Amino acid sequence: MTQALPNVPVLPLDPAIKTKLEGITTATLTTVLLKKGLRKVWMAGTTPFCHTGKRQVGRAFTLRFVPAREDLATPASWASPISTRAAIEAMPDGVIAVIDAMGSREAGVFGDILCARMKKRGVAALVTDGVVRDGDGVKGTNLPVWCSGASAPASVAALTFVSWQEPIGCGGVAVFPNDVIVADGDGAVLIPQDLLEAVVEAAEAQEHLETWLMQQVENGIPLPGLYPPNAENKARYEKETGRKA
């Protein structure tokens with residue numbers, strides 16, 4: 001393949017923002033993003049395959065596959081300058097690799113050796129709408145993975161790898177390099193990089209409010225007027241917590 005190597009630098013992620021997001025559920029984030037007009041932020045097919053239960057947060061490092069073409073999707077392509085192997089060596093510490101596999105379940109995009117190398121390089125997680133191969137081996141690497149399952153065939157059986165660090169689609173979501181990914185037991189959610197600070201601020205407020213609402217439910221308060229809170233319950237929340245609803 002003769003295309004130029006991609007060169008989109010990975011932006012640093014503020015450690016304070018990362019810590020805050022590690023305490024915010026993807027469910028809350030989808031609600032906050034919905035209020036901001038963004039509906040397509042949860043990546044369909046990205047279910048937990050192996051992770052410790054810890055929420056993962058990181059900048060998106062994107063990789064893209066297209067359908068297999070016999071002259072390009074060959075085992076020899078694995079040694080090409082444009083290959084999954086080369087992409088892994090370009091991944092900096094702390095990123096989340098997001099792979100556009102077009103939802104294909106016919107072949108695994110990455111196996112245990114590639115995942116082990118990613119873990120060694122400090123990659124935070126792998127997220128794909130496709131599948132992995134060598135499933136037990138992938139789990140043994142301790143790299144957190146969100147995907148659609150496992151499949152024995154190698155990627156070239158169904159897919160051609162074409163690039164990294166360019167806009168992709170993953171699970172029906174448009175993902176740009178340096179968007180922020182949050183992944184937990186409910187799947188993986190994208191936060192557009194330009195909305196990051198506003199979303200984190202709103203999500204923290206939403207989490208605090210929902211904690212209070214849960215306490216009210218435990219106290220036997222009925223849901224109508226409570227969730228979502230009406231003016232009376234908003235005033236009560238603000239009085240009890242000193243925070244604006």
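Does Cys 115 count as buried or exposed, and at what relative accessibility? Cys 115 counts as buried, at 0% relative accessibility. The close-ups below come from a predicted model.

**View A. Cysteines without a disulfide.** Searching the whole structure turns up 0 disulfides. Cys 115 is in none, and the nearest cysteine sulfur to it belongs to Cys 50, 7.3 Å away. Cys 147 is in no disulfide either, and here too the nearest cysteine sulfur is that of Cys 50, at 7.3 Å. A pair of sulfurs has to lie within 2.5 Å to count as a disulfide, so 7.3 Å from Cys 115 to Cys 50 doesn't make the cut. Cys 147 is buried as well, with a relative accessible area of 0%.

**View B. Strand 9, covered on both faces.** Strand 9 takes in residues 180-184, and 5 of its 5 residues are buried, so the strand is largely enclosed by the rest of the structure. On one side sit Val 180, Val 182 and Asp 184, and on the other Ile 181 and Ala 183; all of these are buried.

**View C. The partners of strand 9.** Strand 2 (residues 56-67) runs antiparallel to strand 9, and 4 bridges join the two. Look for Gln 56, which stands opposite Ala 183 of strand 9. Strand 10 (residues 187-191) is also antiparallel to strand 9, joined to it by 5 bridges. Ala 183 turns up again in this pairing, standing opposite Ala 188 of strand 10. Getting from strand 9 to strand 10 takes a hairpin of 2 residues.

**View D. The largest pocket.** This pocket holds about 320 Å³ of space. Its lining counts 16 residues, and those nearest the centre are Lys 35, Gln 206, Leu 209, Pro 229 and Ala 245. Helix 2 (26-35), helix 6 (196-218) and helix 7 (231-241) are the elements that each give two or more residues to the lining. Helix 6 gives the largest share, with 6 residues. Sorted by class, the lining has 10 nonpolar, 2 polar and 4 charged residues.

**View E. The second largest pocket.** About 250 Å³ of space lies here. Of the 16 lining residues, Gln 56, Lys 119, Ala 124, Asn 142 and Pro 144 are the closest to the centre. Gln 56 is a familiar face from View C, where it stands opposite Ala 183 in strand 9. The class breakdown for this lining is 5 nonpolar, 5 polar and 6 charged residues.

Methods: Residues numbered from 1 in each chain as written. Predicted model: local features only at pLDDT ≥ 70, side-chain atom pairs only at ≥ 80, totals over all residues. Heavy atoms only, no water. 1 Å grid on protein atoms, 1.4 Å probe; cavity = no way out; pocket = protein on both sides within 12 Å on 5 of 7 lines; lining within 4 Å. Points joined across faces, edges and corners; volume = space filled by probe spheres on them. Helix = DSSP H or I, 4+ residues; strand = E, 2+ residues; numbered from the N terminus. Nonpolar A, V, L, I, M, F, W, Y, C, P; charged D, E, K, R; others polar. Buried < 20%, exposed > 50% of the residue type's maximum accessible area, 1.4 Å probe, protein only. Pairing = 2+ DSSP bridges.
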